[in-house]
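Open the model in your viewer and keep the selection box ready. We will go stop by stop.

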Amino acid sequence: MSNLINVTSEIGRLKKVLLHRPGNEVENLVPEYLGRLLFDDIPYLKIAQKEHDRFAEVLRENGVEVVYLEELAASALEDEKAKIEFLEEMLHESKIYSPSLKETLMQYLLSMPTREMVDKIMAGIRKEEVEVKEVSSLADLMMDDYPFYLDPMPNLYFTRDPGASIGNGITLNRMQTDARRRETLFLKYIHKYHKDFREANVPLWYDRTMPFSIEGGDELVLSDKVVAIGCSERTSPEAIEIVAKNLFEANTGFEKVLVFEIPKCRAFMHLDTVFTMVDYDKFTIHPAIQGPLSVYEVTKGANNTLKFKHNTSPLEEILKDALNLDSVELIKCGGGDFIVAGREQWNDGSNTLAIAPGVVVTYERNYVTNEILDKKGIKVLTIPSSELSRGRGGPRCMSMPLYRENIKL
Ligand SMILES: NC(=[NH2+])NCCC[C@H](N)C(=O)O
């Protein structure tokens with residue numbers, strides 16, 4: 001097993017990261033379907049792309065290699081066999097059941113260069129783009145006024161969620177909502193057919209075929225021994241158990257999964273919207289979760305079983321103990337002020353991306369929290385965010401680390 005993937009902390013110097021530059025999928029957001037597609041507003045794509053390019057540039061300026069999902073997917077699908085297999089699965093999961101419609105869409109997609117095909121699938125296919133000549137199902141005759149054959153996938157720029165790197169492997173996630181479930185097919189085919197991934201033989205700690213949902217925004221690698229997983233609106237306890245079992249059985253060095261049970265609501269959809277790690281002993285936290293938070297521990301039992309425990313100590317104690325530290329500091333989003341914390345958390349003020357211990361990327365609009373981080377000695381690199389933030393995700397959500405340097409303690 002090679003170490004194409006190496007993530008043994010949240011804060012080790014980031015060397016390689018997977019992003020997706022928002023594309024035409026964002027232009028297919030219409031007010032009628034916003035809620036279902038998990039957006040609260042329609043971003044202005046041109047500006048969102050500029051902001052995203054600045055995000056990538058800040059990462060590159062700091063020594064991070066940026067790779068794009070759309071490019072890796074196109075390169076994995078260059079192979080004809082892989083491409084057909086992918087299209088079959090994508091069309092099936094897009095609920096294209098009419099044989100003639102399926103054939104029409106297949107031909108349409110196959111007529112494009114691979115990269116264009118990938119972009120097209122991400123953007124969605126409108127009914128008026130293709131002409132289905134033959135009626136082969138009842139649905140073909142009964143054209144309703146829903147505008148898409150293939151729905152757009154506007155959440156793709158949150159690359160954190162469909163998959164997550166832990167140690168030398170990844171979890172290929174089952175997304176909780178229909179709106180995001182097909183996103184993980186890109187990563188599935190990268191994992192299966194991209195040359196680098198094939199050669200590296202990257203282990204999967206979870207697979208998208210499992211029935212229980214889990215999303216990467218809930219997965220935090222606190223150290224090379226401890227993973228924290230949010231049990232949230234998106235991530236189920238069953239999925240957490242499976243990940244824990246796979247990590248322990250493969251002798252990865254991981255010994256404990258801390259389960260953070262957070263309120264199940266949209267504003268706190270993933271653990272990383274309310275809690276992130278910014279330095280060896282510093283974390284950001286949204287004050288509103290500190291009360292309702294329950295923490296459980298999953299550890300290895302005898303004969304491949306798991307042990308479970310409800311840990312009722314204060315969060316600081318739990319983290320100190322898990323990370324072997326004398327003290328830890330929880331930095332409150334918005335300084336703990338009810339109004340500021342709520343506003344800034346809504347625009348992902350707690351969603352920091354650490355690119356080295358004590359160095360984070362954040363949205364510049366969250367200036368109160370940014371200033372507090374700065375005062376605590378954290379180096380804060382800000383990026384513009386008037387449009388990107390409309391999708392309800394920040395720098396951590398927009399990045400899937402592939403390689404981080406191990407941290408020396
Ligand atoms: N890791 C995260 N917090 N991701 C945020 C994803 C936002 C996206 N609109 C969703 O609802 O799924």
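Select Asn304 to start: is Asn304 buried or exposed? Asn304 is exposed, because just 9 other C-beta atoms lie within 10 Å, and exposed means 12 or fewer. Keep in mind throughout that this is a predicted model.

**Stop 1: two asparagines in loops**

Stay on Asn304. It sits in the loop between β13 (294-300) and β14 (306-311). Check its backbone: phi is near 60 degrees, a positive value in a residue other than glycine.

Now select Asn251. Its loop runs between α10 (237-249) and β10 (256-261). Phi of Asn251 is near 50 degrees, again positive in a residue that is not glycine. Asn251 is exposed, with 7 other C-beta atoms within 10 Å.

**Stop 2: the domains**

Colour 14-69 and 154-404 as domain 1, then 95-150 as domain 2. Domain 1 is written in two segments. Draw a distance between the C-alpha centres of the two domains: they lie 34 Å apart. Where the domains touch, domain 1 supplies five residues and domain 2 supplies four residues. On the domain 1 side of this contact, one residue is nonpolar, three are polar and one is charged.

**Stop 3: the nonpolar cores**

Next, select Ala73, Tyr189, Val227, Val243, Val259, Phe260 and Val360. They belong to the largest nonpolar core, which has 100 residues, and they touch the most other members. Where does this core lie relative to domain 1 and domain 2? It lies between them, because both domain 1 (14-69 + 154-404) and domain 2 (95-150) give residues to it.

Zoom in on Tyr189. Leaving out residues up to four places away in sequence, Tyr189 touches Ala73, Ala76, Leu77, Ala82 and Phe86. Show those five side chains together with Tyr189.

Apart from the largest core lies another core, of five residues. Select Val26, Leu29, Leu37 and Leu388, which are among its members.

**Stop 4: the ligand**

Finish at the ligand. How many residues surround the ligand? The count is 15. Select the closest: Leu38, Gly217, His270, Gly393 and Cys397. Then colour the whole shell by residue class. Four of its residues are nonpolar, six are polar and five are charged.

**Selections to save**

- Loop asparagines: Asn251 and Asn304.
- Domains: 14-69 + 154-404, and 95-150.
- Core contacts: Tyr189 with Ala73, Ala76, Leu77, Ala82 and Phe86.
- Closest to the ligand: Leu38, Gly217, His270, Gly393 and Cys397.

Note on methods:
Residues numbered from 1 in each chain as written. Predicted model: local features only at pLDDT ≥ 70, side-chain atom pairs only at ≥ 80, totals over all residues. Near = placed C-beta within 6 Å. Nonpolar A, V, L, I, M, F, W, Y, C, P; charged D, E, K, R; others polar. Helix = DSSP H or I, 4+ residues; strand = E, 2+ residues; numbered from the N terminus. Buried ≥ 20, exposed ≤ 12 C-beta atoms within 10 Å, placed from the backbone. Domains from an automatic or database assignment. Contact = placed C-beta atoms within 7 Å. Core = buried A, V, L, I, M, F, W, Y, C linked by C-beta atoms within 7 Å.
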